[in-house]
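Let's take a friendly look at how helices and strands can pack together. Have the sequence and the 3D view ready as you read.

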Amino acid sequence: MANESSNKRDTKHRTASATDVGESSSLTPYILVRSSRKTLAIYINKNAEVEVRAPLRMPIPYIERFVLSKKDWIESRLEKRTRVNGEKAAFVLRYGDLLPLWGNEYPITAREGGRVGFDGSCFYMPPDMPSDEIKPVMIRIYRLLAKQYIQGRVEEYARIMRVSPTGVRVTGAKTRWGSCSGKKSLNFSWRLMMADKEVIDYIVVHELAHILELNHSPQFWAHVEKIVPEYKACHRKLDQLQEKLAAQDWDE
Ligand SMILES: [Zn+2]
């Protein structure tokens with residue numbers, strides 16, 4: 001008891017689970033997917049539903065006991081997924097909003113003249129655009145900036161690393177910041193422009209290193225580490241950015 005009062009959040013959590021465990025009627029609804037797999041696993045899908053993947057002949061009581069034992073985990077994940085989905089659905093861009101570029105934030109600004117772009121201190125576009133048109137314009141600006149900026153970074157690091165990519169393309173990839181084809185052509189997501197400059201450089205170096213090693217072997221990481229010793233910190237920053245973007249709707 002003394003423990004519980006010392007940490008309010010923890011108390012609430014544990015009290016709830018203690019009452020719920022005895023009540024099998026409170027079992028969270030779930031979708032059961034049976035397959036030839038060997039083990040049980042629980043997933044929270046994109047629609048905030050619980051999906052239980054089970055071996056073909058595993059008995060239901062066994063599955064239900066497992067689901068019940070994971071109740072706390074399921075509830076906290078469901079809560080998070082539901083919140084993120086809500087934020088994503090409500091995502092809208094307005095004039096004055098701050099958006100990330102190179103790890104800084106700049107406002108969306110109205111400017112007469114019909115041009116769109118970035119001038120070093122703000123993103124600008126014509127005034128009086130409906131909010132659903134601001135997003136595609138912003139994506140166009142990110143793409144333009146990415147083409148220019150990433151091309152330059154690739155050229156610089158290609159010289160340093162003595163490799164010659166056959167092409168550089170900007171894509172709309174949602175989960176891959178960059179990729180390298182077997183033909184040594186590099187792709188980068190425009191979303192990468194929201195990251196810090198060091199992080200963008202790391203992804204550029206990472207993809208260039210794939211020209212030397214088409215895998216993630218120790219030799220590959222040695223090439224990367226020579227140029228970007230702090231690449232693990234870059235991974236963490238990218239994870240954070242990915243999580244932030246998951247609650248925003250940048251779909252094209
Ligand atoms: Zn890779």
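The sections below go through a small sheet, the helices lying across it, and a helix pair.

## A sheet of strands

Keep in mind that this is a predicted model. In it, 3 strands make up an open sheet with mixed pairing, and their order is β8-β10-β9. Try finding β8 (167-171) and β9 (178-180) at the edges: each has a single partner strand, so one side of each is left without a neighbour in the sheet. On average, neighbouring strands of this sheet are turned by 20° against each other, if direction is ignored.

How do β9 and β10 run relative to each other, parallel or antiparallel? Strand β10 (residues 185-189) and β9 run antiparallel, and 3 bridges join them. You can also look for S179, which stands opposite N187 in β10.

## Helices across the sheet

Helix α5 (residues 131-161) lies across β8 and β10, and its direction is at about 150° to β8. Helix α6 lies across β9 and β10, running at about 15° to β9.

## Where two helices cross

Now follow α6 (residues 197-212) to helix α8 (residues 231-246): their axes come within 10 Å and cross at roughly 110°. Angles of 65 to 115 degrees count as roughly perpendicular, and α6 and α8 are therefore roughly perpendicular to each other.

Which residues make this contact? From α6 come E198, V199 and Y202, while α8 brings Y231, C234, K237 and L238. Sorted by character, the residues of this contact are 5 nonpolar and 2 charged, with no polar ones.

Definitions and conventions:
Residues are numbered from 1 along each chain as its sequence is written. This is a predicted model: local features need pLDDT of at least 70, side-chain atom pairs count only at pLDDT 80 or more; totals for chains, interfaces and linings use all residues. Axes are lines fitted to C-alpha atoms, for helices over the stretch in contact, and angles run from 0 to 180 degrees between N-to-C directions. Helices (H or I, at least four residues) and strands (E, at least two) are DSSP runs, numbered from the N terminus. Angles under 35 degrees count as roughly parallel, over 145 as roughly antiparallel, 65 to 115 as roughly perpendicular and the rest as oblique. Two residues are in contact if their C-beta atoms, placed from the backbone, lie within 7 Å. Ala, Val, Leu, Ile, Met, Phe, Trp, Tyr, Cys and Pro count as nonpolar, Asp, Glu, Lys and Arg as charged, and the others, Gly among them, as polar. Two strands pair if DSSP finds at least two bridges between them.
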